[in-house]
Each structure stands twice: as C-alpha cells, then as structure tokens.
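Please load the model in your viewer and keep the sequence panel open. The tour below goes from one selection to the next.

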Amino acid sequence: MLRIDRRSLMVTGTLGLGAWSVPGFAQTTNVTAATGFTHSVASGEPASDSMLLWTRYVPADGKPVHLTVELSEQADFTKIAGNGVAITGPWRDWTSKITVDGLKPGTSYFYRFVGPDGSRSPVGRTRTLPTGSQAKAFKAAIFSCSNMPFGYFNAYGHAAARDDLDLAIHLGDYLYEYKTGGYPAPKDTVRSTEPANELVHLADYRIRYASYRSDPDLQALHARLPMIVQWDDHESANDSWEGGAENHQPDEGDWTLRKMAAIQVYREWMPVSDEPWKAYDIGNLATLFRTETRVLARTEQPDIAPLFKAADPVAALKAFRDGPWMDPAATMMGTQQEDWLFHALRRSVAAGQKWQLVGFGTILGETVMPAAALGWVDPNASERAKNYVLAGIQAGKLGLPFNYDNWGGYPAARARFLRAAQATNANLVVISGDSHNGWAFDLKQDGKAAGVEFAGHSVTSPGYEHEVKVDPKTVAAGLVAGNPELKWCDTSHRGYMALTITSEKVSNDWLFVDTIRARSSNAVVGHSTSVARGRNAMA
C-alpha cells in the first residue's frame, strides 16, 4: 500500500560496550567500561531561584552511591552558593538529578558534582532566569532533529562557543531510534552509534542515550547552558501517538511497554523534570510554555493513502476533508493539557508578560503541496518520494495538507489553540521543529492574525534537499507562493535558531552550519525576521 508520510520524502565514534547485571533486574549494557563521571554534566528546568543539575556516576563496586552537587558564582568555587545531595544506582542507569534552590535571579553559576570517593565531575555553567525588569533582552538557541549517524553536531558546538546566549531549547528528536543502516541508509552514514539494533527495550534506549551523550559538542552545549527540553517522536518511535507508532510493529512487543521504557530513559538521561508540560517566566518579558504533543494523548494521525485506491479518489479525498479530517475529538495535546495551556496563556497575559512563547514538536503553520512540486523531484528519486509528491499535489488541490503527522492532521485542535490565543490577546510566538527545514509563518485563524511561528531546521537530519535536486530557491519560492501563511522557508541547510526577546520585539535568526560531514565551527546567519508586540505578524 502507498504510505503517505513525511518520512517517505526524506528517506531515499563507535563506542565499546561492557555489561553489568543487577540482582532483580534483567541484564543491561553500559557504554564503555568506564567508571566515575562518565558523561559530564547538564542543567535544566531553570527558574529565577532554582536549577535542576544532572550527571551520571558509575562506581567501581556497582553499589548505590551518594552524590553531592556544589554551585558557586566563582569558577574556583571559593564560596559555595548552593548545594544538594542525592542517591543514584542501577535502577536509574546511574544518572542523578538534583534541584538546588535559594539561588539569585538572572545569575550565572558554575557547578560540579562530587563523588563518594572525592572525585569531581567536569565543571558546568548555568544561569537562572531573570525576574521583573531585570533583563532588557533574553536570547535562546533552539534545536531539533539531531540524527547522529547523518553527521556531526556542529550546531551544538557553535552555540556552545557563543557568549551571548541565556538558554538552550530542544524541541525534540534529540536522538533517533532506528537500527544501523535504517535511517540513514549506509550510503548516507557519516558515523555510527550504539546499539546497532532498533531501540525497543529499556537497555536499548539507555545505550543510545549514552552513545549520543558521549558526543563532545553535545556535552559542551549541556555544560555551557541550561536546556529546556521536550520530546517528539523519535525519542520513542517514528510517528508515535498515544496507542502506537508507524515504526512499531506487532513483533516488537506491546507498544505501551516500549513507550514507557522510552519515557523512563528520557527522564533518566535528560535534565528535565517529570512534569509532562510546564510554564517558565522569563522576567516580565515572556512566558515560555513546554508542551507534550506526541505520546500521552495524541490521537492517531490520519492516513490518506487508502483514499487513492478508492474508485473515485477525488470524491474520497473530499469526503475525508469535509468529515474525518475535521473531527473535533482528534487532538494533539488532549483536553487536560489544552485546558492547562489556555488558562496559562490567560494568566500570562493578565500578569503583564509581554510575550507568550509556545514550543511544539511539530509545525503549526498550514502547508499544502504546490502543483509545481512535481518538477522538483530528482528523476532518480525513489518511487516513494515521487508518490509522496503526487499524492500531496492531488490533496493540495482540494485544500488538504501534505503532512498529517504535524498540526495539519488536526485542524480542529489547531483552531482551538489559535482561538484561545486570540481570545486572551496573547502576543503569540510559536517555536517548532520536526520538519528538518526552516520556516516562518504568519498564523491566522478565522481570517485574523493569531501569532507568528518560527520553525527550526535540523541539527543533522536531512530535509527536502535529500531527494529534491532543483535549486533550493525554486523549492522555497514555490512553497511560499502556494501557502498564504508561509512567508519564508529554507529547504537545504542544517543548523539552529537563535531567538532574541525584548519588551517590544522578538527577532529570530536561522543559523546555517557549513557542513555536517566533518566537525566544523563555522556557521552564518542565513535569514532573520522579527515580530513587533501587538501585531501578531512579522515585520
């Protein structure tokens, strides 16, 4: 059967392993035989007076240990400004998260962990969020889609070397679950990761995180900036939803068990709290909302592939457009999170916050496939890629999107969110990832401005350029011409976004790295745009 999904268009340092076993637990595997502090440090969940601090410590004797963390405003730790202690062991893969409070707002701190033998972790640096009018400007680096085998994490390294950033935000696909040779194919593989098999079980996910977190550029980023993180689909499996995933098959066991393993390991290895969604106040400049739109309540994505086998495909597509596609029960967030977010937007506006920033894993802006897209595809492209474009063109003629795994598959839920933003008079800025390409949208609902969206390109995962061989400017021009909300896009670069918030303006830079096939510190600003407060449309 023809499978109509976004991945159809895009698809065409190895670490030694040692093993250990724990009484009462199945045998698992640990990247390298290293002991002590194995994966540097990280920080996250910033507040004005607290910070979550992360590390991983493996003792030589395999027994649970106490770890201490110290913070100081001085690099030499001559005066300790805060500390905490926690116990870790094999039940959480030797990771440790300690939240330290009593900190000063808008202040940079150095931090380190101390092991039971007196050994010390590498030193990290973090920064609390400001309060009130303390900050006149706030800058965050925004990342998504870092498939390690496709190349090097030069976007992380570039951001880690900057001295003008206050925060890192990762919008998902922090790692990928595929087996070696699955995605990318062998011909596109630049470097390897462990384990070689697809991630299904608890030990699989743990090894993959350990493999990714051994990357020096990712370690540098985590050690330099606090990070607010949320997952998308590849932290579990491609195109995941509440009850399954495109990349989960019956012979891989129960989906719920796989999903819970993925969530557990994510919470072990990432500097994130166990709260599924959360709001962060950045002084009186903005409220940033971390959301969950993937595995806790998402309804299964529509699949229009069967409609092309109907006796009258056009009639079938029209019936889908006017019926199931508009189902108000279909949801990305679930009613509980929708209610939380709508009320949180209202509270933020009432509190006088100048901006409301909402992070989504996938694109909110409307995208349809223009008829000109047929001429973009490489004649030697896979049949799947050609079919994807053909189906997208046919659907686009009827006003249907070409991607149903993002908000395009949930138009009623999208309308509810944008109407809530309009009703609260929010100055809405949506940031999103997932697509591997860069986008800028003026979001509208019921014919009125609702906000803007800055969607980020990937750290390494390939975009349209992987199977589209015409000039990328031709692709971008065609997409912009065929989509009223879309004001700019880029379909050929990798990198990250840098978002700057002031009281009267939010501006965004899309930074392009020069390569991912070798380590490089070079990046340039490929595009910039901004939105003025009160306009909900780009300048």
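**Stop 1: the four-stranded sheet**

Select Phe110 and then Arg125, its bridge partner in S9. The model is predicted: local features need pLDDT of at least 70, side-chain atom pairs count only at pLDDT 80 or more, and totals for chains, interfaces and linings use all residues. Residues are numbered from 1 along each chain as its sequence is written, and side-chain values use heavy atoms, with hydrogens and water left out. Helices (H or I, at least four residues) and strands (E, at least two) are DSSP runs, numbered from the N terminus.

Extend the selection to S8 and S9, which are antiparallel and joined by four bridges. Two strands count as paired if DSSP finds at least two bridges between them. Now add S5 and S6: the open sheet has four strands in the order S6-S5-S8-S9, paired antiparallel. S6 and strand S9 (124-127) are the edge strands, each pairing on one side only. On average, neighbouring strands of this sheet are turned by 30° against each other, direction ignored. The angles are taken between N-to-C directions and run from 0 to 180 degrees, with axes that are lines fitted to C-alpha atoms, for helices over the stretch in contact.

**Stop 2: a salt bridge between two loops**

Select Lys104 and Glu73, whose side chains meet in a salt bridge (3.0 Å, N to O). Lys104 lies in the loop between strand S7 (95-100) and strand S8 (108-114), and Glu73 in the loop between strand S5 (65-72) and strand S6 (82-88), so the pair ties together parts that are 31 residues apart in sequence. The term salt bridge here means a side-chain nitrogen of Lys or Arg within 4 Å of a carboxyl oxygen of Asp or Glu. Lys104 is partly exposed, with a relative accessible area of 45%, and Glu73 is also partly exposed, at 34%. On this scale buried is under 20% relative accessible area, exposed over 50%, and partly exposed in between (1.4 Å probe, protein chains only).

**Stop 3: Glu45 and its network**

The structure holds 27 salt bridges. Select Glu45 and Lys278 for another of them, at 3.1 Å, N to O. The pair links distant parts of the chain, 233 residues apart: Glu45 is in the loop between strand S3 (36-44) and strand S4 (51-58), and Lys278 is in strand S15 (residues 278-282). Is Glu45 buried or exposed? At 7% relative accessibility, Glu45 counts as buried.

For a further pair, select Arg321 and Asp322, where the closest N and O atoms of the salt bridge are 2.9 Å apart. Arg321 is partly exposed at 24% relative accessibility, whereas Asp322 is exposed at 57%. Then return to Glu45 and add Glu275, Lys278 and Arg290: salt bridges that share partners join these four into one network.

**Stop 4: strand S16 and its two partners**

Select residues 286-290, strand S16; five of its five residues are buried, so the strand is largely enclosed by the rest of the structure. Ala286, Leu288 and Arg290 point one way, Thr287 and Phe289 the other way. In a regular strand the side chains alternate between the two faces of the sheet.

S15 and S16 run antiparallel, joined by five bridges, and Asp281 has Thr287 in S16 as its bridge partner. These strands form a hairpin with three residues between them; select Gly283 in the turn, which has a positive phi of about 55°. Strand S17 (residues 355-360) runs parallel to S16, with five bridges between them. Here the bridge partner of Thr287 is Gln356.

**Stop 5: Asn427**

Gln356 also leads to the next selection, Asn427, as one of its contacts. Asn427 sits in the loop between helix H9 (411-423) and strand S18 (428-432) and is buried, with a relative accessible area of 12%. Neighbours within four places in sequence left aside, Asn427 is in contact (heavy atoms within 4.5 Å) with Lys354, Trp355, Gln356, Arg533, Gly534, Arg535 and Asn536. A polar atom of the Asn427 side chain lies 3.4 Å from the backbone oxygen of Lys354.

**Stop 6: strand S10**

Finish with strand S10 (residues 137-143): six of its seven residues are buried, so S10 is largely enclosed by the rest of the structure. Six bridges join S10 to the antiparallel strand S22 (residues 495-502), and Ala137 stands opposite Thr502 there. With strand S11 (residues 167-170), S10 pairs in the parallel sense over four bridges.

Definitions and conventions. A polar contact is a pair of N or O atoms within 3.5 Å; within protein, one must be able to donate a hydrogen and the other to accept it, and residues adjacent in sequence count only if both atoms are side-chain atoms.
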